[in-house]
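Colleague: I should be grateful for a close look at a single part of this model. Please choose one helix and describe its surroundings.

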Amino acid sequence: MDQPRPIQPDPTRPDPIRPDPARWRPGGVLLVADTGACRPRGVVATVAAALDGGVRWVQLRAKTEPDGEVLELLGEVAELCRDRARLVVDDRVDVLLAARARGLAVDGVHVGRRDLPVDLVRRLVGPDALVGLTTPTPALAARAGDLPPGTVDYLGVGAFRASTTKADHPPVTGATGLAAVVAAAGRLPCVAIGGVVAGDLAAVRGTGAAGAAVVAAVCADPDPRRAAAALVTAGGAP
């Protein structure tokens, strides 16, 4: 198999991390580009199609791939997202730091309950990176809301439905559970995740959530551009 071509930083781009906090509030449809869910098409082709369909926020999720492979893949996705979409990497704080050192345009990282403590993550990545946190319960959301301002930028909440792409997902919340987490989160915007399809987006909006993250609804669809466009239409622009 051919080795991925290293992505070189663009010397004309002064800051690989977009520093304007006004652009950090999530909304609409967020694509979680999971390496497993994107097979056999692949992450790069799936993300390209989703961007063409109107998605403006991408999270790269690579749970099993080696660090170097994730870094190269992140670089390819960063090239696609350049000036088109926000881009965060799932879990891999080390890969985000390596990407920043390389000069890649990656906005931040999303971490879960079993990853590094989020206050430590913030200290590692600095004040200008985006940090998302998975918080499946109102109690955890309230705890996140009590953190010093700027520690966390948004919360991922789920599973909204049973997920086919993450076997160890938290208990299903549905709209009622999502609304409870949104209320507990206070100032922090919330993004629903877990089995979300286009028909769920009206209910998601009704809870006060800022948006919804999707995986299989785009990654597993035979036409990811069409699927993304339908979701964006149903969910509103980010």
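Modeller: The following account takes one helix and then turns to the core. This is a predicted model, in which local features need pLDDT of at least 70, side-chain atom pairs count only at pLDDT 80 or more, and totals for chains, interfaces and linings use all residues. Residues are numbered from 1 along each chain as its sequence is written, and side-chain values use heavy atoms, with hydrogens and water left out.

Helix α2 covers residues 67–81; helices are DSSP runs of H or I with at least four residues, strands are runs of E with at least two, and both are numbered from the N terminus. The 15 residues of α2 reach 21 Å from first C-alpha to last, close to the 21 Å expected at 1.5 Å a residue, the expected span being 1.5 Å times one less than the number of residues. After α2 comes D83, whose phi is positive, near 60 degrees.

Among the buried residues of α2 are V70, L71, L73, L74 and V77; buried means under 20% relative accessible area, with a 1.4 Å probe and protein chains only. Their cover includes α1 (43–52), β2 (57–61), β3 (86–90) and α3 (93–102).

The largest nonpolar core has 70 residues; such a core is a set of buried Ala, Val, Leu, Ile, Met, Phe, Trp, Tyr and Cys residues joined through side-chain atoms within 4.5 Å. To this core α2 gives the most, with seven residues. L31, V47, V58 and L155 have the most contacts inside the core. Leaving aside neighbours within four places in sequence, L31 is in contact (heavy atoms within 4.5 Å) with residues including V47, W57, V58 and V214.

Methods
Buried < 20%, exposed > 50% of the residue type's maximum accessible area, 1.4 Å probe, protein only.
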